[in-house]
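Colleague: I am new to this one and would love some help with its aromatic rings. Could you walk me through them?

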Amino acid sequence: MTPTLTLREATPDDLPFMLSLAPRLTATAPAWRNQAELTASYHGLFTQALHEPEEGSAVLIAQNPQGQPVGFTLLYWHPEERGAFIKDLAVSEDAEGLGVGRFLLHSIEQWARAKGAVEIMLKASWYNTRARRIYERAGFQEDHVALVRRLD
């Protein structure tokens, strides 16, 4: 049974919850990336998103019926392209498989449509096959391939 989920805007008090999910966002990074550094970089990103958000951006929290956060998304709005960008989307491990990701994707679509978006874009690690399947089932299609060459 899928629980009834609610959505709310994040507050600075949500920073610990968001940071607790940062390792989930970097778990499928390629082996040549420094996972600890990637995970640590989220502190500054999330702090800025909550305390000094970019114009048009949003951080949305999915809550379970008890009011506990179970997932979040960090969104950016690009008005010149009429596009929404999903910077991050993460679901707590104990809420996996309960429809939280689908709920957040539906909420993102509503948010984007309200802004007048013509598309929603995201990036996912090539190695995060589970997330890529979820996005494909939600109607996302491959558009770009990012190749990286390290210079250190």
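Modeller: Happily; we will go through the aromatic rings of this predicted model.

Colleague: How many aromatic pairs does a search of the whole structure find?

Modeller: The search finds four. In one of them, Y42 and F46 have their ring centres 5.0 Å apart and their planes at 40°.

Colleague: What makes Y42 and F46 a tilted pair?

Modeller: Centres must lie within 6.5 Å to pair, and an angle that is neither under 30 degrees nor over 60 counts as tilted. With 5.0 Å and 40°, Y42 and F46 fit that description. Both residues belong to helix α2 (residues 35-51), four residues apart, about one turn of the helix.

Colleague: How do you know whether Y42 is buried or exposed?

Modeller: Buried means under 20% relative accessible area. Y42 has 10% relative accessibility, so Y42 counts as buried. F46, at 0%, is therefore buried too.

Colleague: Why is the pair of F46 and F72 called edge-to-face?

Modeller: Planes over 60 degrees apart earn that name. The planes of F46 and F72 are at 85°, with the ring centres 5.3 Å apart, so the pair is edge-to-face. This pair links distant parts of the chain: F46 is in helix α2 and F72 in strand β3 (residues 69-78), 26 residues apart.

Colleague: What makes F72 count as buried?

Modeller: Its relative accessible area is 0%, and the cut-off is under 20%, so F72 is buried.

Colleague: Which residues form one aromatic cluster?

Modeller: That cluster is made up of F17, Y42, F46 and F72.

Terms used. Residues numbered from 1 in each chain as written. Predicted model: local features only at pLDDT ≥ 70, side-chain atom pairs only at ≥ 80, totals over all residues. Heavy atoms only, no water. Phe/Tyr/Trp six-rings, centres within 6.5 Å; stacked < 30°, edge-to-face > 60°. Helix = DSSP H or I, 4+ residues; strand = E, 2+ residues; numbered from the N terminus. Buried < 20%, exposed > 50% of the residue type's maximum accessible area, 1.4 Å probe, protein only.
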